[in-house]
Amino acid sequence: MVGNGRQYILDLTPNGLVQVAAFDTPDSLYDCSWSEENENILVSASGDGSIKVWDLSAPPMANPVSNRQEHAHEVASVDWNMVRKDSFLSSSWDDTIRLWTLDSPHSLRTFAEHSYCVYNACWNPRHADIFASASGDCTLRIWDVRQPRSTYVIPGHEMEILTCDWNKYNEFMLASGSVDKSIKIWDVRSPRQELTRMLGHTYAVRRVKFSPHKESLMVSCSYDMTVCLWDFRQPEDALLARLNHHTEFAVGVDMSVLVEGLLASTSWDESVYVWQMGMDPRAA
């Protein structure tokens, strides 16, 4: 992708989404993550291989307050540690994952066992030292930062794995989404066979997220331009809803931690939708 990027900060008000701030960047942005320590700090993953650190309490001209340039290719994802709160991960098309803190301008460690692009890395919400990664080499890896190498390798799909997410109620449960159009649920203690395989998307699954409020509920988005809601405890009837409010690739989706049933999605159609589950996103 070629072109400038922009990090938007939006506030959901009774009158809809309101822009709080916007920061321009010289390259496209692929992901962002809020600090778990400071409500004014967030990090962005950039197409030029850098990680931008923004501070909403700083003067606009002072931003980004830090520019971390260690990855050799596009940074695909960033994720803040919800348990320790002082560190975050970045994953990149350079096949590596890096561990960072705000205190150090340099990464603390590089994880380099994948053989192709690492599209996603995410912390376990129950354990401060454990995270998972999803790669174009068709594997998931489970890591413990206290160990010298990854602790589990899961040959999860026959095509590139673009996304993964931990269940918020089960520390051993991980979801993955792939170019093969499927979503799989794993118990990382038994990685030879998935617990559940869910089909419903017609193109690559770009993002999966477990609900922070209900163990069996999850949401996904896809290059088929749809957002899907699932209940993986009902494998025969897992697909609860398919939403087609986007007109281009749907590339981001999440569920609010603070408001049960509140969802957000974004797309190459340059739109962001925020809506309550059960409602039409276009009516929000």
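The exercises below, each with a worked solution, concern a predicted model.

**Exercise 1. Locate Asn81 and decide whether it is buried or exposed.**

Begin with the position along the chain: Asn81 sits in the loop between β7 (75–80) and β8 (87–92). Next take the relative accessible area, which is 0% for Asn81, and set it against the cut-off of under 20% for a buried residue. Asn81 is therefore buried. Finally, look for its surroundings beyond the neighbours within four places in sequence, where Asn81 is in contact with Glu36, Ser87, Phe88, Trp123 and Ala128.

**Exercise 2. Find the strand that holds Ser265, and identify the side chain with which Ser265 makes a polar contact.**

The strand is β24, which covers residues 262–267. Within that strand, Ser265 has a relative accessibility of 2%, so Ser265 counts as buried. The partner in the polar contact is His245, whose side chain is joined to that of Ser265 at 2.9 Å. To complete the picture, set aside residues up to four places away in sequence; those that Ser265 then touches include His245, His246, Tyr273 and Trp275.

**Exercise 3. Describe the second largest pocket by its volume, its lining and the classes of its residues.**

Start with the volume, which is about 210 Å³. Then turn to the lining, which is made of 16 residues, with Ala22, Phe23, Trp54, Pro60 and Asn63 nearest the centre of the pocket. Both β2 (16–25) and β5 (50–55) supply at least two residues each to this lining, and the largest share, six residues, is that of β2. Sorted by class, the lining holds 11 nonpolar, two polar and three charged residues.

**Exercise 4. Examine the backbone at Pro64, Lys85 and Cys138, and state what stands out at each.**

As background, most residues other than glycine have a negative phi, and most peptide bonds are trans. The bond from Asn63 to Pro64, in contrast, is cis, with omega near 0 degrees, and Pro64 belongs to the loop between β5 and β6 (66–69). Lys85 has a positive phi, near 75 degrees, although Lys85 is a residue other than glycine; its place is in the loop between β7 and β8, and at 33% relative accessibility Lys85 counts as partly exposed. Cys138 likewise is not a glycine and has a positive phi of about 75 degrees, in the loop between β12 (130–135) and β13 (140–144).

**Exercise 5. Count the salt bridges, and work out which parts of the chain are tied together by Arg207 and Asp31.**

The count comes to 14 salt bridges. In the one between Arg207 and Asp31, the closest N and O atoms are 3.7 Å apart. Because Arg207 lies in strand β19 (residues 205–210) and Asp31 in strand β3 (residues 29–34), the pair ties together parts that are 176 residues apart in sequence. Both partners are buried, Arg207 with a relative accessible area of 10% and Asp31 with one of 17%.

A further salt bridge joins the side chains of Arg141 and Glu113 at 2.8 Å, N to O. This pair links distant parts of the chain, with Arg141 in strand β13 and Glu113 in the loop between β10 (109–111) and β11 (118–123), 28 residues apart. Arg141 is buried at 14%, and Glu113 is buried at 17%.

Key: Residues numbered from 1 in each chain as written. Predicted model: local features only at pLDDT ≥ 70, side-chain atom pairs only at ≥ 80, totals over all residues. Heavy atoms only, no water. Helix = DSSP H or I, 4+ residues; strand = E, 2+ residues; numbered from the N terminus. Buried < 20%, exposed > 50% of the residue type's maximum accessible area, 1.4 Å probe, protein only. Contact = heavy atoms within 4.5 Å. 1 Å grid on protein atoms, 1.4 Å probe; cavity = no way out; pocket = protein on both sides within 12 Å on 5 of 7 lines; lining within 4 Å. Points joined across faces, edges and corners; volume = space filled by probe spheres on them. Nonpolar A, V, L, I, M, F, W, Y, C, P; charged D, E, K, R; others polar. Polar contact = N/O pair within 3.5 Å; in protein donor to acceptor, adjacent residues only side chain to side chain. Salt bridge = Lys/Arg side-chain N within 4 Å of Asp/Glu carboxyl O.
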